[in-house]
Amino acid sequence: MDRFAAFEGNLAADPELKEFEDGNASVRFRLINNPTRTDRRTGEVVKETPLGQSCVARDPFARTIAANAEKGTRLLVWGALKAREYTDRDGNRRTAEYLDVKAVGESWRFLKSSPQAAAAPAPSEEAAPPWPEAAQPGSGSAG
């Protein structure tokens, strides 16, 4: 049974795209999260130990990540935690853990809204309905 997790962080380096002979692709990247908290007694911001997460994403969005994300891009990823065993150069058995990414998006955690966005007018009642006339509920027409 897979264990699923979400992770938010900044890309530690540009994503590494690998294309295969069958036309598929995968991308490897590492996210770093530098958590902070506010000390209740002093009110000071305290930096905690940085957390890192290795990630692998496959098509359909491997090429999208490689083309649109670069070192420093803040991403929010969700996927299955996986482990891969391998033998290192010295002959030692090792285990590498990574997140098999199933969904990815840009993080809006530190995004600032603009005053123009907050003051956007409400849609007018004269605006066109979101569906064609023939498909409006109660019109008796299926389309």
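Me: By class, how many nonpolar, polar and charged residues does the lining of the largest pocket have?
Reply: Happy to start there, keeping in mind that this is a predicted model. The largest pocket holds about 380 Å³ of space. Among the 19 residues lining it, those closest to its centre are Arg28, Ser54, Cys55, Val56 and Tyr98. Sorted by class, the lining has nine nonpolar, two polar and eight charged residues.

Me: Which strands each supply at least two residues of the lining of the largest pocket?
Reply: A good way in is the overall layout: the protein chain has two helices and eight strands. Along the sequence these follow the pattern β-β-β-β-β-β-α-β-β-α. The strands that each give at least two residues to the lining are strand 2 (16-19), strand 3 (25-33), strand 6 (51-58), strand 7 (74-87) and strand 8 (93-106).

Me: Which parts of the protein chain does the salt bridge between Asp100 and Arg58 tie together?
Reply: The two side chains meet at 2.8 Å, N to O. The residues are 42 positions apart in sequence, so the pair links parts of the protein chain that are separated along it: strand 8, with Asp100, and strand 6, with Arg58.

Me: Is Asp100 buried or exposed?
Reply: Let's set it beside its partners. Arg58 has a relative accessible area of 41% and is partly exposed. Lys102, whose side chain also meets that of Asp100 in a salt bridge (3.1 Å, N to O), is partly exposed at 43%. Asp100 has a relative accessibility of 10%, and because the cut-off is under 20%, Asp100 counts as buried.

Me: What relative accessible area does Asp88 have?
Reply: Asp88 is another acidic partner to look at: the side chains of Asp88 and Arg94 meet in a salt bridge at 3.1 Å, N to O. Arg94 is partly exposed, at 43% relative accessibility. Asp88, by contrast, is buried, and its relative accessible area is 17%.

Me: How many salt bridges does the count come to?
Reply: Several pairs have come up already, one of them being Asp88 with Arg94. Another is Lys102 with Asp100. Salt bridges that share partners also join Glu19, Asp59 and Arg63 into one network. The full count comes to nine.

Me: Which residue's side chain makes a polar contact with the side chain of Ser107?
Reply: Ser107 is found in the loop between strand 8 and helix 2 (115-118). Leaving aside residues up to four places away in sequence, Ser107 touches Glu8, Arg74, Leu75 and Leu76. Of these, the one whose side chain makes a polar contact with that of Ser107, at 2.3 Å, is Glu8.

Me: What distance separates the C-alpha atoms of Ser107 and Leu76?
Reply: Ser107 counts as buried, because its relative accessibility is 11%. Leu76 is among the residues that Ser107 touches. The two are 31 residues apart along the chain, and their C-alpha atoms are separated by 5.3 Å.

Me: What share of the contacts with a separation of 6 or more is accounted for by residues 24 or more positions apart?
Reply: Ser107 and Leu76, at 31 residues apart, give a feel for such a separation. The wider setting is a protein chain of 143 residues, of which 23% count as buried. Within the contacts that have a separation of 6 or more, residues 24 or more positions apart account for 57%.

Terms used:
Residues numbered from 1 in each chain as written. Predicted model: local features only at pLDDT ≥ 70, side-chain atom pairs only at ≥ 80, totals over all residues. Heavy atoms only, no water. 1 Å grid on protein atoms, 1.4 Å probe; cavity = no way out; pocket = protein on both sides within 12 Å on 5 of 7 lines; lining within 4 Å. Points joined across faces, edges and corners; volume = space filled by probe spheres on them. Helix = DSSP H or I, 4+ residues; strand = E, 2+ residues; numbered from the N terminus. Nonpolar A, V, L, I, M, F, W, Y, C, P; charged D, E, K, R; others polar. Buried < 20%, exposed > 50% of the residue type's maximum accessible area, 1.4 Å probe, protein only. Contact = heavy atoms within 4.5 Å. Polar contact = N/O pair within 3.5 Å; in protein donor to acceptor, adjacent residues only side chain to side chain. Salt bridge = Lys/Arg side-chain N within 4 Å of Asp/Glu carboxyl O.
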